[in-house]
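Student: I would like to go through this structure by asking, term by term, what justifies each label. Could we begin with the way its parts meet?

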Amino acid sequence: MTQEQASRRYFSVLIPATIVFVAASYGITLADNAAILPPWALYAVAIVPIAALLGMFWAHWRYMREIDEFLRSIQVKAAFAGLVIVLTIASGWGYLEFYAEVAPLSIYWLNPLYWIVYSIAAVIFTLRSGAVS
């Protein structure tokens, strides 16, 4: 499979999954704020963005399996950079919550933080490798 085909397949899953994730997250927030749904229904509806998130990760996994070793190494490095930042913040803030009594950090924000760090790292590793001229 070519890089172009792998990218097309990746985005054909990633973009719809992202739209579902954002729309479902927004819809749940609106429903919660307006008290339209009972709490048990909010729990049930929360499965939708979780499923979309899993779809995004599956698309990324498939993309990484379909590209060549050089591009895969860039993706792995970028994913690792994202995980390092997210896990360091989560663990570090956890220690601060336990021992310094700081306000709790919502773990909801770790997912967007991961994707932001991953994206920045992917661009940096791509430019450093000379993969883009």
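Tutor: Buried area is the accessible area that two parts lose on being put together, summed over both. The model before us is predicted, and in this model domain 1 and domain 2 bury about 840 Å² between them, with 63% of that area on carbon and sulfur atoms.

Student: What are the bounds of domain 1 and domain 2, and how far apart do their C-alpha centres lie?

Tutor: The chain is divided into domain 1, residues 1-66, and domain 2, residues 68-133, and the C-alpha centres of the two lie 19 Å apart. The contact draws 11 residues from domain 1 and 10 residues from domain 2.

Student: Which three residues supply the most of the area that domain 1 buries against domain 2?

Tutor: Phe57, His60 and Met64 account for 51% of that area, more than any other three residues. On the side of domain 1 that touches domain 2, the elements giving two or more residues are helix H1 (3-34) and H3, and H3 gives the most, with seven residues.

Student: How many salt bridges, and how many residue pairs in polar contact, are found between the domains?

Tutor: The count of salt bridges between domain 1 and domain 2 is zero, whereas four residue pairs in polar contact are found across the interface, both residues of each being at pLDDT 80 or more.

Student: Let us turn to the rings. Why is the aromatic pair of Phe57 and Tyr114 called tilted?

Tutor: A search of the whole structure finds 10 aromatic pairs. For Phe57 and Tyr114 the centres are 6.2 Å apart and the planes make an angle of 45 degrees; since centres within 6.5 Å make a pair, and planes that are neither under 30 nor over 60 degrees apart count as tilted, the label follows. This pair links distant parts of the chain, with Phe57 in helix H3 (residues 47-66) and Tyr114 in helix H5 (residues 110-129), 57 residues apart.

Student: What makes the pair of Trp115 and Tyr118 edge-to-face?

Tutor: Trp115 and Tyr118 are 5.7 Å apart centre to centre, with 85 degrees between the planes, and an angle over 60 degrees counts as edge-to-face. Being three residues apart in helix H5, Trp115 and Tyr118 are separated by about one helical turn. Phe57, Tyr114, Trp115 and Tyr118 form one aromatic cluster.

Student: How do you know whether Phe57, Tyr114, Trp115 and Tyr118 are buried or exposed?

Tutor: Buried means under 20% relative accessible area and exposed over 50%. Tyr114 at 10% is therefore buried, as are Trp115 at 17% and Tyr118 at 8%, but Phe57 at 35% falls in between and counts as partly exposed.

Student: Is Ser25 buried or exposed, and which residues does Ser25 touch?

Tutor: Ser25, which lies in helix H1, has a relative accessible area of 16% and is therefore buried. A polar atom of its side chain lies 2.8 Å from the backbone oxygen of Phe21, and, not counting residues up to four places away in sequence, Ser25 touches Pro49 and Tyr108.

Student: What makes the phi of Ala35 worth a remark?

Tutor: Most residues other than glycine have a negative phi. Phi of Ala35 is near 55 degrees, a positive value, and Ala35 lies in the loop between H1 and helix H2 (39-45). At 62% relative accessibility, which is over 50%, Ala35 counts as exposed.

Key:
Residues numbered from 1 in each chain as written. Predicted model: local features only at pLDDT ≥ 70, side-chain atom pairs only at ≥ 80, totals over all residues. Heavy atoms only, no water. Phe/Tyr/Trp six-rings, centres within 6.5 Å; stacked < 30°, edge-to-face > 60°. Helix = DSSP H or I, 4+ residues; strand = E, 2+ residues; numbered from the N terminus. Buried < 20%, exposed > 50% of the residue type's maximum accessible area, 1.4 Å probe, protein only. Domains from an automatic or database assignment. Contact = heavy atoms within 4.5 Å. Buried area = accessible area lost by both parts, 1.4 Å probe. Salt bridge = Lys/Arg side-chain N within 4 Å of Asp/Glu carboxyl O. Polar contact = N/O pair within 3.5 Å; in protein donor to acceptor, adjacent residues only side chain to side chain.
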